[in-house]
Amino acid sequence: MSLEFTSSEMMSVTAARALTSDMTCFVGIGLPSEAANLARLTHAPDVTLIYESGTLQTKPDVLPLSIGDGELCESALTTVSVPEMFRYWLQGGHVSVGFLGTAQIDRYANLNTTLIGDYREPKVRLPGGGGAPEIATNAKEVFITVKHSKRTFVKDVDFVTTVGFGRDGKARDNVPNIGRGPTVVITDLCILKPDPDTKELVVTSLHPNVTREEVIEATGWEIRFAESLDTTPEPTAHELEILRDLKARTNAHHAGQQ
């Protein structure tokens, strides 16, 4: 019997599965944090999660509201200074994967978390880059998880906060001492990976009950599909139980703090 699950749960479970116990993961707040902690609580108990505020081997019981959430420091093996986090751990090559979210992403996996519209007269100002530009530059690879819509998946981002492969897909060519960049984008509709040659994002797997037409309609450029298109495995009952428990604990905890 098929389990019932939401598209958001499908996204989080799929993103969590991308992590393994031998990884050191620099975690972004929001969807990346949800996926990373689900991985830790299920198939990857030894994954090392680190956050921008300097917390190492973090094991939060509830999902943090921000990098300054006390839950991160209280549940970490240790906390180091932010300069040490970036200079030694990140720039020193000790982070195997950076896990990021975004407000806009384009066909070459460039991320925008700075503003919407013209730089001189923006329609909306966003939180900014934070540690994402450094993470995308220095982590050995980058995973991105974000909900799929034309507002988010645009042909060209309004501002390149965090470089994926540049405006032409060639920003990482012949650049020494730089990570591989984005290797997978996981949404609530599908999985995308950069084309080995052009670096343009290509759909490699559709989530259950999602059609090509739905992905095309939700993407702001003429999206390509892999010749051999997979179907993403459904969440298991165990994954859904752990994810729902985690979110319920989180909601109850933060509601009690208001």
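**Met23, helix packing and the nonpolar cores**

Met23 sits in the loop that links α1 to β1. The model here is a predicted one, and in it Met23 comes out as buried, because its relative accessibility is 13%, under the 20% cut-off. Setting aside residues up to four places away in sequence, Met23 touches Ala18, Val47, Thr48, Ser96, Val97, Glu141 and Phe143. Take Val97 from that list: it is 74 residues away from Met23 along the chain, yet the two C-alpha atoms are separated by just 7.1 Å.

Next comes helix α1 itself, which spans residues 7-17. Its axis comes within 11 Å of the axis of α7 (residues 237-256), and the two cross at roughly 105°. That angle makes α1 roughly perpendicular to α7, since anything from 65 to 115 degrees falls in that class. On the α1 side, the contact is made by Glu9, Ser12, Val13 and Arg17, and on the α7 side by Glu239, Leu240, Leu243 and Arg244. Sorted by class, that is three nonpolar, one polar and four charged residues. Glu9, one of the α1 residues in this contact, deserves its own mention. This glutamate lies in helix α1 and is buried, with a relative accessible area of 11%. Leaving out neighbours within four places in sequence, Glu9 is in contact with Leu240, Leu243 and Arg244, and these three belong to the α7 side of the contact.

Helix α2 (residues 31-41) is another story about burial. Nine of its eleven residues are buried, so the helix is largely enclosed by the rest of the structure. The buried ones are Pro32, Ser33, Glu34, Ala35, Ala36, Asn37, Leu38, Ala39 and Arg40. As for what covers them, the list includes the helices α1 and α7 along with the strands β1 (24-27), β2 (48-51), β5 (97-100) and β10.

Now for the nonpolar cores. The largest one has 35 residues, and the members that touch the most others are Phe26, Ile105, Val185, Leu192, Val203 and Val215. At least two residues of this core come from each of α4 (82-90), α5 (132-138), β10 (141-145), β12 and β13. Apart from it lies another core, this one of 25 residues, with Cys25, Val27, Ala35 and Phe99 among them. Back in the largest core, Ile105 is one of the members with the most core partners. Beyond its neighbours within four places in sequence, Ile105 is in contact with Asn110, Leu111, Ile144, Thr152, Phe153, Val154, Val157, Val185, Leu201 and Trp221.

Val185 and Leu192, both named above for the largest core, also face each other as bridge partners, with Leu192 in β12. The strands concerned are β11 (residues 182-186) and β12 (residues 190-194), which run antiparallel and are joined by two bridges. A hairpin of three residues makes the connection from β11 to β12. On the other pairing, β12 is joined to β13 (residues 201-206) by five bridges, and these strands run antiparallel too. Here Cys190 stands opposite Leu206 of β13. The hairpin of β12 and β13 has six residues between the strands, and within this hairpin Lys199 takes a positive phi near 70°.

Conventions. Residues are numbered from 1 along each chain as its sequence is written. This is a predicted model: local features need pLDDT of at least 70, side-chain atom pairs count only at pLDDT 80 or more; totals for chains, interfaces and linings use all residues. Side-chain values use heavy atoms; hydrogens and water are left out. Two strands pair if DSSP finds at least two bridges between them. Helices (H or I, at least four residues) and strands (E, at least two) are DSSP runs, numbered from the N terminus. A nonpolar core is a set of buried Ala, Val, Leu, Ile, Met, Phe, Trp, Tyr and Cys residues joined through side-chain atoms within 4.5 Å. Buried means under 20% relative accessible area, exposed over 50%, partly exposed in between (1.4 Å probe, protein chains only). Contact means heavy atoms within 4.5 Å. Axes are lines fitted to C-alpha atoms, for helices over the stretch in contact, and angles run from 0 to 180 degrees between N-to-C directions. Angles under 35 degrees count as roughly parallel, over 145 as roughly antiparallel, 65 to 115 as roughly perpendicular and the rest as oblique. Ala, Val, Leu, Ile, Met, Phe, Trp, Tyr, Cys and Pro count as nonpolar, Asp, Glu, Lys and Arg as charged, and the others, Gly among them, as polar.
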